[in-house]
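Work through these exercises with the sequence and the model side by side. Try each task before reading its solution.

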Amino acid sequence: NLAADMLERIQFNRRKAANYHGINVSSSTTTCPTVATDVMANGDCTQWRTLLLSSNLQNIVGTVTLNPVPPATDPLGLNRRTVTVLVTWNEVASGEVTAASKTMRLDTVIAPD
């Protein structure tokens, strides 16, 4: 759900999808687009950080990457980008389960109208 939330935010602001490239959110660091670059992308990143950190998942990290990497454009001239959202966290060990790193990856293609 956390990864899908960010994909939906990018889809809504798809004309400026390139501004979401490089988002990196964790409890120790946050890289968001600047307000000067894109107010909506900055707000989406800030809200997503709040969602991630309030999830109570251990060592959670969320990242967003786009391919082709901005400022490069789609080789077919369709202005589409593949967006990858990764959410990684550590599973808490219990008597029956060993602690392990978990990752949820969602990919989608976004093209402005």
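**Exercise 1. Overall build**

Task: State what share of the residues counts as buried, then list the elements in chain order.

Solution.
- Step 1. The protein has 113 residues, and 28% of them count as buried. The model is predicted.
- Step 2. Count the elements: there are 2 helices and 5 strands.
- Step 3. Read from the N terminus. The order is α-β-β-α-β-β-β.
- Step 4. Take the dimensions. Along the principal axes, the C-alpha atoms fill a box of roughly 55 × 30 × 20 Å.
- Step 5. Turn to the surface. The accessible area is about 6,700 Å², and carbon and sulfur atoms hold 52% of it.
- Step 6. Check the contacts with a separation of 6 or more. Residues 24 or more positions apart make up 53% of these.

**Exercise 2. The sheet**

Task: Work out the order of the strands in the sheet and find which strands stand at its edges.

Solution.
- Step 1. Recall how a sheet is held. Strands pair through backbone hydrogen bonds, in a parallel or an antiparallel way.
- Step 2. Trace the sheet in this model. Its 5 strands take the order 2-1-3-4-5, the sheet is open, and the pairing is antiparallel.
- Step 3. Look at the ends of that order. Strand 2 (30–31) and strand 5 (101–110) each have a single partner strand, so one side of each has no neighbour in the sheet.
- Step 4. Move to one pair inside the order. Strand 3 covers residues 58–67 and strand 4 covers residues 81–90; 8 bridges join them in the antiparallel sense.
- Step 5. Pick a register point. Asparagine 67 faces threonine 82 of strand 4.

**Exercise 3. A salt-bridge network**

Task: Find the salt bridges of arginine 9 and say what parts of the chain they link.

Solution.
- Step 1. Start with the total. The whole structure has 4 salt bridges.
- Step 2. Take the partner in helix 1. Arginine 9 bridges to aspartate 5, with 2.7 Å between the closest N and O atoms.
- Step 3. Place that pair. Both residues sit in helix 1 (residues 2–12), 4 residues apart, or about one turn of the helix.
- Step 4. Take the other partner. Aspartate 44 meets arginine 9 at 3.2 Å, N to O. Aspartate 44 belongs to helix 2 (residues 39–53) and arginine 9 to helix 1, so this bridge ties together parts 35 residues apart in sequence.
- Step 5. Join the two bridges. Asp5, Arg9 and Asp44 form a linked network.
- Step 6. Test for burial. The cut-off is under 20% relative accessible area. Arginine 9 has 16%, so it is buried. Aspartate 44 has 10%, so it is buried too.
- Step 7. List what surrounds aspartate 44. Leaving out residues up to four places away in sequence, aspartate 44 touches Met6, Arg9 and Tyr20.

**Exercise 4. A bridge at strand 5**

Task: Are lysine 102 and glutamate 91 buried or partly exposed, and where does each one lie?

Solution.
- Step 1. Identify the contact. The side chains of lysine 102 and glutamate 91 form a salt bridge at 3.9 Å, N to O. The cut-off is 4 Å, so the pair qualifies.
- Step 2. Locate both ends. Lysine 102 is in strand 5, while glutamate 91 is in the loop between strand 4 and strand 5; they are 11 residues apart.
- Step 3. Read the accessibilities. Lysine 102 has 33% and counts as partly exposed. Glutamate 91 has 27% and also counts as partly exposed.

**Exercise 5. The disulfide**

Task: Name the cysteines of the disulfide, give its handedness, and say which parts it ties together.

Solution.
- Step 1. Count first: the structure holds 1 disulfide.
- Step 2. Name the partners. Cysteine 32 and cysteine 45 are joined, with their sulfur atoms 1.9 Å apart.
- Step 3. Read the torsion. The angle about the S-S bond is -70°, and the link is left-handed.
- Step 4. Place the ends. Cysteine 32 is in the loop between strand 2 and helix 2, and cysteine 45 is in helix 2, so the link ties together parts 13 residues apart in sequence.
- Step 5. Set the two ends side by side. Cysteine 32, at 25% relative accessibility, counts as partly exposed, whereas cysteine 45, at 0%, counts as buried.

Terms used
Residues are numbered from 1 along each chain as its sequence is written. This is a predicted model: local features need pLDDT of at least 70, side-chain atom pairs count only at pLDDT 80 or more; totals for chains, interfaces and linings use all residues. Side-chain values use heavy atoms; hydrogens and water are left out. Two strands pair if DSSP finds at least two bridges between them. Buried means under 20% relative accessible area, exposed over 50%, partly exposed in between (1.4 Å probe, protein chains only). Contact means heavy atoms within 4.5 Å. A disulfide is a pair of cysteine sulfur atoms within 2.5 Å. Accessible areas come from the Shrake-Rupley method with a 1.4 Å probe; for residues, only the protein chains shown count as cover.
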